[in-house]
Amino acid sequence: EWARTAEASELERAYELPDGQVITLGEERFRCTETMFNGLNALHFKVIECVAKATNDDGLRKQLVENIQLSGGNTVFDGLANRLGREVQKLL
């Protein structure tokens with residue numbers, strides 16, 4: 001989606017700040033989340049690392065990967081769950 005923001009204004013979204021000011025964000029919405037998928041400490045690497053440490057049973061590992069639960073503030077980013085799923089699948 002990030003690549004599409006350069007050419008698609010429909011991906012821009014307006015947000016109202018607590019002081020009443022309205023700002024519009026486009027590609028910035030994706031740039032900030034992209035950092036979660038860069039480098040050796042990337043989110044998908046950490047997921048795989050945790051699953052690997054949890055068990056040696058391949059069947060159980062598969063179940064753990066298929067049932068990832070996200071929580072916390074960053075989970076509200078559009079497309080985070082889908083992106084994480086794709087990145088984890090690439091590592092399997």
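## A first look at the chain

E87 has a relative accessibility of 12%, so this residue counts as buried. Through salt bridges with shared partners, E87 belongs to one network together with E34, R83 and K90. Everything described here comes from a predicted model. The chain has 92 residues, and 23% of them count as buried. Welcome in; the points below go from the overall layout to the individual residues.

**Overall layout**

- The chain holds five helices and two strands.
- Following the sequence from start to end, you meet these elements in the pattern α-β-β-α-α-α-α.
- Of the contacts in the chain with a separation of 6 or more, 43% are between residues 24 or more positions apart.
- The accessible surface adds up to about 6800 Å², and carbon and sulfur atoms contribute 50% of this area.

**The two strands**

- Strand β1 covers residues 13-16 and strand β2 covers residues 22-25; the two pair in the antiparallel sense, with four bridges between them.
- To find your way along this pairing, look for E16, which stands opposite V22 in β2.
- Together β1 and β2 make a hairpin, and five residues lie between the two strands.
- In the turn of this hairpin sits G20, whose phi is positive at about 95°.

**Salt bridges and the network around E87**

- Across the whole structure, a search turns up six salt bridges.
- One of them joins E34 to R83, with 3.0 Å between the closest N and O atoms.
- This pair ties together distant parts of the chain: E34 belongs to helix α2 (residues 28-34) and R83 to helix α5 (residues 80-91), with 49 residues from one to the other.
- Where do E34 and R83 sit, buried or exposed? Both of these residues are buried.
- A further salt bridge links the side chains of K90 and E87, at 3.6 Å from N to O.
- K90 and E87 are both part of helix α5 and lie three residues apart, about one turn of the helix.
- The two partners have contrasting surroundings: K90, at 63% relative accessibility, counts as exposed, whereas E87, at 12%, counts as buried.
- Put together, E34, R83, E87 and K90 form one network, because their salt bridges share partners.

**A salt bridge within helix α3**

- The side chains of E49 and K46 also meet in a salt bridge, 3.5 Å from N to O.
- Why are E49 and K46 separated by about one helical turn? Because they are three residues apart in helix α3, which runs over residues 43-54.
- E49 has a relative accessibility of 35%, so this residue counts as partly exposed.
- K46 is partly exposed too, with a relative accessible area of 31%.

**The two sides of helix α3**

- Helix α3 has 12 residues, and the distance from its first C-alpha to its last is 17 Å, close to the 16 Å expected at 1.5 Å a residue.
- Which residues of α3 are buried? H44, V47 and V51 are buried there.
- These residues cover an arc of only 55° around the axis, so they are on the same side of α3.
- On the face turned away from that buried side, α3 carries the exposed residues C50 and K53.
- The buried residues of α3 pack against α4 (58-66) and against α5.

**H44 and L91, a meeting of α3 and α5**

- H44 is a residue of helix α3, and with a relative accessibility of 5% it counts as buried.
- Apart from neighbours within four places in sequence, H44 makes contact with F37, L84, E87, V88 and L91.
- Among these partners is E87, the buried residue that opened this briefing.
- L91, another of these partners, lies in helix α5.
- L91 has a relative accessible area of 37%, so it is partly exposed.
- How far apart are the C-alpha atoms of L91 and H44? They are separated by 8.3 Å, while the two residues are 47 residues apart along the chain.
- With neighbours within four places in sequence left aside, L91 is in contact with H44, F45 and I48.

Technical notes: Residues numbered from 1 in each chain as written. Predicted model: local features only at pLDDT ≥ 70, side-chain atom pairs only at ≥ 80, totals over all residues. Heavy atoms only, no water. Buried < 20%, exposed > 50% of the residue type's maximum accessible area, 1.4 Å probe, protein only. Contact = heavy atoms within 4.5 Å. Areas by Shrake-Rupley, 256 points an atom, 1.4 Å probe, with all protein chains shown as cover. Salt bridge = Lys/Arg side-chain N within 4 Å of Asp/Glu carboxyl O. Pairing = 2+ DSSP bridges. Expected span 1.5 Å × (residues − 1). Arc of directions from axis to C-beta.
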